[in-house]
Amino acid sequence: MESITLTINGMTVTVPKGITILEAARMSGIYIPTLCYHPDLKPEGACRLCICEVSGAKGLVASCCYPVAEGMVVKTNTSKVRAARRMVMELLLANHPQDCLSCQKNGDCELQKMAADLGVRTRRFDGGEMKAHTIDDSNPCLVRDQDKCILCGRCIRMCRDVQKMNVYSYARRGFDSMVSTAFEQDLSNVACTYCGQCASVCPTAAIREKDDTERVWDAIHDPDKVVVCQIAPAVRVS
Ligand code: FES
């Protein structure tokens with residue numbers, strides 16, 4: 001396999017040609033925070049949390065999408081990079097519900113973890129307009145809470161590229177941007193098979209499995225509502 005040599009944070013590394021800066025950094029033991037990136041999915045560069053300084057590039061680049069090149073000089077941890085990443089995180093949190101303590105994903109949320117890693121402990125941008133979607137729990141297996149969606153697109157790529165179902169896509173524009181089903185229907189009205197793969201890659205609780213508490217509660221009040229959800233195993237993208 002053809003290799004190339006580049007410099008990351010002053011360290012000379014030799015990596016296979018054709019991989020991204022993020023992959024090269026990870027191969028070299030260098031940490032770069034990510035949110036929209038998932039190793040089983042094609043990179044999309046949606047969240048911009050993985051931005052780095054690259055010689056010759058105009059502005060900061062998304063390392064999950066940017067291919068390495070011979071002689072490239074990459075800096076992943078400068079004050080400029082850290083400040084930009086914190087800004088990205090602060091903007092994400094500005095439009096995110098503040099119910100972490102009661103959220104099903106508390107302690108297992110990638111947004112929460114990344115905010116902690118970046119040292120973002122307070123909400124700098126507060127008081128503006130917030131998303132206010134209706135929760136979709138129309139089906140027996142999954143709950144969609146669009147207010148917790150960070151538009152990373154992992155669910156879209158998993159459903160479209162891996163499961164070949166294409167249930168989700170981006171819809172609307174600007175502040176109203178959202179991940180939607182066809183005609184913004186509930187999951188029970190589209191071609192979803194409830195395989196659960198979208199929930200398995202969602203970094204927050206925007207798509208989650210219905211938890212046992214809900215099922216037990218349902219069982220108490222209506223035994224007919226109790227269902228067994230089988231989550232299919234993930235399939236790796238080649
Ligand atoms: Fe690279 Fe989101 S992880 S842009």
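## A polar contact at Asp147

The backbone nitrogen of His133 sits 2.8 Å from a polar atom of the Asp147 side chain. The model described here is predicted. Asp147 belongs to the loop that runs between strand β6 (142–144) and helix α4 (154–162).

## The surroundings of Asp147

Asp147 is buried, yet it has no salt bridge. The nearest side chain of opposite charge is that of Lys131, 6.2 Å away. A salt bridge requires a side-chain nitrogen of Lys or Arg within 4 Å of a carboxyl oxygen of Asp or Glu, so the 6.2 Å between Asp147 and Lys131 does not qualify.

If neighbours within four places in sequence are set aside, Asp147 is in contact with Asn95, His96 and Pro97, and also with Lys131, Ala132 and His133. His133 is thus both on this contact list and the residue whose backbone nitrogen lies 2.8 Å from the Asp147 side chain.

## Lys164 after helix α4

Lys164 is found in the loop between α4 and β7 (169–171). Is Lys164 buried or exposed? Lys164 has a relative accessible area of 62%, and it counts as exposed because this value is over 50%. A polar atom of the Lys164 side chain lies 2.9 Å from the backbone oxygen of Asp161.

## The chain as a whole

The chain contains 6 helices and 9 strands. Of its 238 residues, 45% are buried. The chain exposes about 12900 Å², and carbon and sulfur atoms supply 53% of that area.

Among contacts in the chain with a separation of 6 or more, 62% are between residues 24 or more positions apart.

Key. Residues are numbered from 1 along each chain as its sequence is written. This is a predicted model: local features need pLDDT of at least 70, side-chain atom pairs count only at pLDDT 80 or more; totals for chains, interfaces and linings use all residues. Side-chain values use heavy atoms; hydrogens and water are left out. Helices (H or I, at least four residues) and strands (E, at least two) are DSSP runs, numbered from the N terminus. Buried means under 20% relative accessible area, exposed over 50%, partly exposed in between (1.4 Å probe, protein chains only). Lys and Arg count as positive and Asp and Glu as negative; His and the chain ends are not counted. A polar contact is a pair of N or O atoms within 3.5 Å; within protein, one must be able to donate a hydrogen and the other to accept it, and residues adjacent in sequence count only if both atoms are side-chain atoms. Contact means heavy atoms within 4.5 Å. Accessible areas come from the Shrake-Rupley method with a 1.4 Å probe; for residues, only the protein chains shown count as cover.
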